[in-house]
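The following exercises are to be worked through with the sequence and the coordinates at hand. Each task is followed by a solution in steps.

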Amino acid sequence: MFADVVERAGYGQLITPLLEDLGVFTRIGDATDVVTKEMYDFVDKGERHIALRPEMTASVCRAFAEHRPTTPWKVFYSGSNFRYEKPQRGRYRQFDQVGVEVLGADDPNLDVEIVALAWEFYARLGLQQVSLIVNSLGEPDDRNRYVDALREHFTECGDALSEQSRATLERNPLRVLDSKREIDQPFIADAPQISEFYSEGAAEHFAAVLAGLEALEIPFVIEPKLVRGLDYYRRTIFEFQGGTLDSAQNALGGGGRYDGLVEALGGPPTPGVGFALGLERTLLACDDEGVFAAEPVALDAFVVDVTGGLQAAAITAELRAAGLAADRGYDNRSMKAQMKLANRSGAAVALIVGDDELANGTVIVKPMHGGEQVVVPRSEISAHLTTHSDQN
Ligand code: HAM
């Protein structure tokens with residue numbers, strides 16, 4: 001379903017490796033937990049320092065720097081990622097993401113386009129309790145001046161700040177804003193706001209993103225304290241939060257701009273924007289809201305073959321090639337046992353082949369939800385089902 005949403009917007013699939021040179025991910029930033037604490041890395045037999053990918057944005061930028069495709073390069077991906085975290089509901093050491101990245105365009109309308117795609121994906125799943133929060137971290141200079149101001153502010157708080165936040169302050173003052181500790185809250189509430197530091201360009205870009213979201217009637221909340229966990233972000237950042245999930249793991253997905261990352265990976269200066277959505281958290285939210293992502297496949301036919309199984313193999317292959325959904329019984333079980341499976345499968349018809357049918361070159365077509373059974377020549381079974389599948 002995700003592929004369907006994004007392919008219709010011009011995104012092509014990119015498959016990046018599970019393993020990359022460690023250096024690809026250290027470019028994400030050395031002040032982020034994903035790099036300093038959560039990386040699965042090892043030295044391989046050729047003495048190369050390798051990491052299991054903790055996310056896919058850096059790999060996409062590495063691929064861009066290596067292959068230099070024409071821009072704007074609009075790609076989507078899906079796959080597993082690995083982070084050494086404390087496992088709990090919604091937080092796993094191996095988890096799956098789907099996402100998009102666009103490289104080579106600065107247009108704020110792109111930020112709006114990708115948010116709208118994620119929004120459409122959640123809507124198509126049927127999720128209703130998803131909220132969008134947005135912020136801008138400004139240009140790198142704005143962000144640096146803001147970080148200095150935060151460092152000064154939190155340093156003045158001294159020992160009144162929690163011990164954990166004092167440690168975070170040393171590494172990355174922005175992340176102190178993420179603290180959920182009660183004791184830190186008054187200092188966070190008093191902290192300077194990023195919007196006071198925006199350059200004209202950053203303010204204009206952010207205003208254009210917000211205007212675009214309004215034009216598409218996508219509801220959002222501006223959260224000046226949203227900083228996100230990865231260091232590469234500049235300007236727009238956003239997160240989708242699930243209303244049914246615990247607040248520590250309620251980010252269903254997130255993303256933003258990372259205009260300097262391609263350059264850090266050896267490519268030309270290239271703007272970039274994207275998001276990744278966590279699939280396990282999305283499924284938890286689907287469970288909580290009682291919506292289901294995929295309808296079970298409705299089988300057109302279930303083949304019951306009591307002559308050894310070769311007929312079932314041939315008929316299912318033929319039906320599948322004709323575009324019908326077909327399954328069968330295995331292990332040469334009795335007619336009764338196979339009919340039970342046919343019943344349970346929900347198939348529209350059972351196709352029965354016994355010794356007589358094998359000898360006569362026929363198949364019994366037995367409707368499973370009412371109706372008369374008929375005998376059809378074996379050679380006409382696909383055509384018969386194709387013509388009758390609408391009526392079953
Ligand atoms: P992220 O916020 O680290 O961003 O991860 C995106 C989503 O992946 C999270 O919102 C969450 O749903 C899911 N996720 C992350 N860690 C775990 C975990 N340990 N267990 C389960 N789910 C998890 C990124 O990865 C960026 N690459 C997003 C991006 C793309 N920014 C720009 N382009």
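**Exercise 1. Cysteines**

Determine how many disulfides this predicted model holds, and classify C61 and C286 as buried or exposed.

Solution. Step 1: the disulfide count for the structure is 0. Step 2: the cut-off for a buried residue is a relative accessible area under 20%. Step 3: C61 has a relative accessibility of 0%, and therefore counts as buried. Step 4: C286, at 2%, is likewise classed as buried because of its relative accessibility.

**Exercise 2. Helix α6**

Check the length of helix α6 against the expected rise per residue, then identify its buried residues and what covers them.

Solution. Step 1: helix α6 runs over residues 140-157 and contains 18 residues. Step 2: the expected span is 1.5 Å times one less than the number of residues, so the helix should span 26 Å. Step 3: the C-alpha atoms at the two ends of α6 are 26 Å apart, which agrees with the expectation. Step 4: the buried residues of α6 are D142, R143, Y146, V147, A149, L150, H153, F154 and C157. Step 5: the cover over these buried residues includes α7 (163-171), α8 (173-176), α9 (185-190) and α10 (200-215). Step 6: after the helix comes G158, with a positive phi near 55 degrees.

**Exercise 3. The second largest pocket**

State the volume of the second largest pocket, list its lining, and find which element supplies the largest share of that lining.

Solution. Step 1: the second largest pocket holds about 170 Å³ of space. Step 2: its lining consists of R27, P140, R143, N144, D231, Y232, Y233, R234, G260, L261 and A264. Step 3: by class, this lining has 5 nonpolar, 2 polar and 4 charged residues. Step 4: at least two lining residues come from each of α6 and α11 (261-264). Step 5: the largest share, 3 residues, is supplied by α6. One of the pocket-lining residues, R143, is also among the buried residues of α6.

**Exercise 4. Cavities**

Count the cavities of 30 Å³ or more and describe the lining of the largest cavity.

Solution. Step 1: a search of the whole structure gives 3 cavities of 30 Å³ or more. Step 2: the largest cavity contains about 50 Å³ of space. Step 3: R89, G90, L245, D246, Q249, R281 and L284 line the largest cavity. Step 4: sorted by class, this lining comprises 2 nonpolar, 2 polar and 3 charged residues.

**Exercise 5. Backbone exceptions**

Locate the cis peptide bond between T71 and P72, and place R68 and D331, which have positive phi values, in their loops.

Solution. Step 1: most residues other than glycine have a negative phi, and most peptide bonds are trans. Step 2: the bond joining T71 and P72 is cis, with omega about -5 degrees. Step 3: P72 belongs to the loop between α4 (57-67) and β5 (73-82). Step 4: R68 lies in the loop between α4 and β5, and its phi is near 45 degrees. Step 5: R68 is partly exposed, because its relative accessible area is 47%. Step 6: D331, with phi near 65 degrees, is located in the loop between β13 (326-328) and α14 (335-345). Step 7: the relative accessibility of D331 is 73%, so D331 counts as exposed.

**Exercise 6. N360 and R378**

Establish the setting of N360 and its separation from R378.

Solution. Step 1: N360 is part of helix α15 (residues 355-360). Step 2: N360 is exposed, because its relative accessible area is 55%. Step 3: N360 and R378 are 18 residues apart in sequence, and their C-alpha atoms are 8.8 Å apart in space.

Conventions. Residues are numbered from 1 along each chain as its sequence is written. This is a predicted model: local features need pLDDT of at least 70, side-chain atom pairs count only at pLDDT 80 or more; totals for chains, interfaces and linings use all residues. Side-chain values use heavy atoms; hydrogens and water are left out. On a 1 Å grid over the protein atoms alone, a cavity is a set of points where a 1.4 Å probe fits but cannot get out, and a pocket is an open set with protein on both sides within 12 Å along at least five of seven lines; lining residues have an atom within 4 Å of a point. Grid points are joined across faces, edges and corners, and a volume is the space filled by probe spheres set on the points. Ala, Val, Leu, Ile, Met, Phe, Trp, Tyr, Cys and Pro count as nonpolar, Asp, Glu, Lys and Arg as charged, and the others, Gly among them, as polar. Helices (H or I, at least four residues) and strands (E, at least two) are DSSP runs, numbered from the N terminus. Buried means under 20% relative accessible area, exposed over 50%, partly exposed in between (1.4 Å probe, protein chains only). Contact means heavy atoms within 4.5 Å. A disulfide is a pair of cysteine sulfur atoms within 2.5 Å.
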